[in-house]
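Me: I'm new to this structure and would like a close look at one part of it. Could you walk me through a single helix and what surrounds it?

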Amino acid sequence: MTNEQASSTPAAQAATRAADAVDGTAVAFAAVTKTFGHVRAVDGIDLRIRRGETVALLGRNGAGKSTTINLLLGLDTPDSGRVRLFDGTPERAVGAGRVGAMLQDGRPVPRVTIRELVDFVARTYPRPLPVDEALALAGLTDLAGRRADRLSGGQAQRVRFAVALAGNPELIVLDEPTAALDVEAREAFWDSMRGYARRGNTVLFSTHYLEEADTHADRIVVVDSGRILADGTADELKRAAGGTTVSFDLAGGSSEGLAALPGVTSVEIRGDRAHVRSDDSDATVRALAERDAVRRLQVAPVSLNEAFLTLTRASAARTAQDAHSLEMSR
Ligand SMILES: Nc1ncnc2c1ncn2[C@@H]1O[C@H](COP(=O)(O)OP(=O)(O)OP(=O)(O)O)[C@@H](O)[C@H]1O
């Protein structure tokens, strides 16, 4: 089923447009699936992104991020469900220049300068950004006269960002935009991206760098096996994954019974130090105090890395269990 076919009657379309205008929706996925052979790359995704939000898409290799992005951009059509951008189909939003994209496989264009390339792309859109502005936003003002096919990885990435901005899009979609960039180039890239987001635009980016999601996204969507595992702020994800790490010196004492203390979800002993994951750190700390086990006590929220691993490992275990059950039922 295509997005057009899924958009039903004119009355339903008008109702959706009115709803989008009122609630400021930039992206809406409704029960979207996409299968390649036996692989369910996207498996029933419901997702709504409001205008002005910066959203990070996180997931392991093969989780379904690129497929989700391709469906969003209309580069692929869902097997079922519906994708809407602003008040219409992805094809319409992209054609109107409302969406810019920076995908993983952009190739340099031979012989032209950076300015010529951005200018050429801008001319294909109805309401482009002035070329100088696109170049400035992407941090390319000083490089504008350089040939676009003779650049470092970081510079080439910035050119792709400028090309994505050229049509003056309201939504920009970035598939692993900082892959293979050094720390300085990554920082420069995120400065540019924030400048664009501050104008009230919507950003969706996928990344494997969790700290980038933590620092730059208003909201994080974790996908695994084509499904949304978690959707919230970085703090909400950290809480959902088991909250807090309480660590302390054992000082020769026993670690026995720690797993049974209130709030404790897991225990790890490294050397003479215990690291206890807790979803109720107040109760855990009180119980530790009663055991007189509070030497060099530290209480800290779990990192986004830990939260991500907790969420995706639980999902992998469920997938393995489902596969086992299916096998047994045959
Ligand atoms: N064109 C295709 N043909 C067959 N299988 C595909 C195709 N595109 C994606 N897949 C499969 O769908 C699943 C999701 O892939 P996808 O590229 O969306 O993951 P991803 O989260 O972007 O991964 P990565 O982080 O490695 O880029 C994978 O199992 C992949 O092998």
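Which residues are buried in helix α11 (residues 281-290)?

Reply: Happy to take you through it, with one note before we start: this is a predicted model. In α11, the buried residues are S281, T284, V285, A287 and L288. Looking down the axis of α11, you would find these buried residues within an arc of 160°, so they line one face of the helix. Now turn to the face pointing away from that buried side: here α11 carries the exposed residues D282, A289 and E290.

What does the buried side meet? The buried residues of α11 pack against four strands: β10 (244-249), β11 (264-270), β12 (273-278) and β13 (295-301). If you follow the chain just past the end of α11, you come to D292, which takes a positive phi of about 60°.

One of the buried residues of α11, V285, also belongs to a nonpolar core of ten residues, along with F248, L258 and A293 among others. This core lies apart from the largest nonpolar core, which has 72 residues. In that largest core, the residues with the most contacts inside it are V118, A134, A162, L165, V173 and V222. Helix α7 supplies the largest share of it, six residues. To get a feel for the packing there, try A162: leaving aside residues up to four places away in sequence, A162 touches V118, A134, L135, A138 and L140.

V118 leads us to another helix that you can read in the way we read α11. V118 is one of the buried residues of α5 (residues 114-123), together with I114, R115, L117, V121 and A122. They cover an arc of only 165° around the axis, which puts them on the same side of α5. Their packing partners, though, are helices: the buried residues of α5 pack against α6 (131-137) and α7 (153-165).

To place all this in the protein as a whole, picture twelve helices and 13 strands. Of its 330 residues, 39% count as buried. Among contacts between residues at least 6 apart in sequence, 70% join residues at least 24 apart.

Finally, there is a ligand to find. The residues around it include F36, V39, N61, K65, S66 and T67. Helix α3 (65-72) and strand β2 (39-50) are the elements that give two or more residues to this shell, and α3 gives the most, with three. By type, the shell divides into four nonpolar residues, six polar and one charged.

Conventions
Residues numbered from 1 in each chain as written. Predicted model: local features only at pLDDT ≥ 70, side-chain atom pairs only at ≥ 80, totals over all residues. Buried ≥ 20, exposed ≤ 12 C-beta atoms within 10 Å, placed from the backbone. Arc of directions from axis to C-beta. Contact = placed C-beta atoms within 7 Å. Core = buried A, V, L, I, M, F, W, Y, C linked by C-beta atoms within 7 Å. Near = placed C-beta within 6 Å. Nonpolar A, V, L, I, M, F, W, Y, C, P; charged D, E, K, R; others polar.
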